[in-house]
Amino acid sequence: MQVDGNGGGDRAASPGPGADVEQPGFLALERELTVLLRRARASQGEMARAVHPDLEPSAYGLLVRLDECGAQRATELAGYIGVGKATMSRQLRALEELGLVAREPDPADGRAWLVALTEEGQRRVGVVREARRARYAGRLADWDPAEVTELARLLNQLNRGMER
């Protein structure tokens, strides 16, 4: 199974009984999500470079996860991002070399390590995320605030549905 940078799977599940995949709503959804995902991939590269010029675009989602959830084990991060342990180790090593993350002993298990953003990592990620939200606010300035809230709710519902 291929997994995107947001933890959602690219599951090739068959449609449910009676599902009409040729319905105009599903065709429009496929088209609009394709455009959104293409733009998101390009934006992820820009945001990664804004955090650090040497940061791989795929590592940006990892930094956001640490920013939102705090310190985590590498195995948890690998599961969330959808990569193997070797790939996660390589990404974390690169992030450590850039001074964006650090490993610390897991107080719950002395054999394990937690990965956390460094102060510099928190600062850089915070600046980029704030700029990203400001960009959204600017581009959606003519939307009613209730529409923005509804869009966020629907995207959350879509993301939860993709996790099944």
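Leaving out neighbours within four places in sequence, Gln44 touches Pro57, Ser58, Tyr60 and Gly61. That's a handy way into this predicted model, since Gln44 sits in helix 1 and the rest of the tour keeps coming back to that helix. Overall, the chain has six helices and three strands, and 24% of its 164 residues count as buried.

**The overall layout**

- Reading from the N terminus, the elements go α-α-β-α-α-β-β-α-α.
- Take the contacts between residues at least 6 apart in sequence, and 48% of them join residues at least 24 apart.
- About 11,200 Å² of the chain is exposed, with carbon and sulfur atoms supplying 53% of that area.

**Helix 1, up close**

- Helix 1 covers residues 24-51, and Leu36 is one of the residues in it.
- Phe26 belongs to helix 1 too. Its relative accessible area is 42%, so Phe26 is partly exposed.
- Once neighbours within four places in sequence are set aside, Phe26 is in contact with Asp20 and Val21.
- Back to Gln44: a polar atom of its side chain lies 2.9 Å from the backbone oxygen of Pro57. Pro57 also appears in the list of residues that Gln44 contacts.

**The nonpolar core**

- In soluble globular proteins, nonpolar side chains tend to be buried together.
- Here, the largest nonpolar core has 22 residues, and Val51, Leu55, Leu63 and Leu95 have the most contacts inside it.
- Several elements chip in with two or more residues each: helix 1, helix 2 (57-69), helix 3 (74-81), helix 4 (85-97), strand 3 (109-117) and helix 5 (119-139).
- Helix 2 gives the most to this core, with six residues.
- Which residues does Leu63 contact, leaving aside neighbours within four places in sequence? They are Val51, Leu55, Leu95, Leu100, Val101, Leu117 and Val125.
- Three of those names should ring a bell: Val51, Leu55 and Leu95 are listed with Leu63 among the residues with the most contacts inside the core.

**A nonpolar patch on the surface**

- Some nonpolar side chains are found on the outside: Leu36, Trp143, Val148, Leu151 and Leu155 make a surface patch of about 370 Å².
- Helix 6 (residues 145-162) gives the most to the patch, with three residues.
- Leu36, in helix 1, is another member of the patch.
- Is Leu36 buried, partly exposed or exposed? It counts as partly exposed, because its relative accessibility is 45% and that label covers values between 20% and 50%.

**Salt bridges**

- Side chains of opposite charge can pair when their charged atoms come close.
- Across the whole structure, a search turns up twelve salt bridges.
- Arg31 pairs with Glu32, and their closest N and O atoms are 3.7 Å apart. Arg31 is partly exposed at a relative accessible area of 49%, and Glu32 is partly exposed as well, at 48%.
- Glu46 and Arg135 form another salt bridge, with 3.7 Å between the closest N and O atoms. Glu46 is in helix 1 and Arg135 is in helix 5, so this pair ties together parts that are 89 residues apart in sequence.
- How accessible are those two? Glu46 counts as partly exposed at 43% relative accessibility, and Arg135 is partly exposed with a relative accessible area of 30%.
- Arg90 and Glu56 also meet through their side chains, at 2.9 Å from N to O. Since Arg90 lies in helix 4 and Glu56 in the loop between helix 1 and helix 2, the pair ties together parts that are 34 residues apart in sequence.
- Arg90 is partly exposed at 38% relative accessibility, and Glu56 is partly exposed at a relative accessible area of 34%.
- There's a network here too: Arg73, Asp106, Asp109 and Arg111 are joined by salt bridges that share partners.

Conventions
Residues numbered from 1 in each chain as written. Predicted model: local features only at pLDDT ≥ 70, side-chain atom pairs only at ≥ 80, totals over all residues. Heavy atoms only, no water. Patch = residues over 30% accessible without salt bridge, like charges linked within 9 Å, V, L, I, M, F, W, Y side chains within 5 Å. Areas by Shrake-Rupley, 256 points an atom, 1.4 Å probe, with all protein chains shown as cover. Salt bridge = Lys/Arg side-chain N within 4 Å of Asp/Glu carboxyl O. Helix = DSSP H or I, 4+ residues; strand = E, 2+ residues; numbered from the N terminus. Buried < 20%, exposed > 50% of the residue type's maximum accessible area, 1.4 Å probe, protein only. Core = buried A, V, L, I, M, F, W, Y, C linked by side-chain atoms within 4.5 Å. Contact = heavy atoms within 4.5 Å. Polar contact = N/O pair within 3.5 Å; in protein donor to acceptor, adjacent residues only side chain to side chain.
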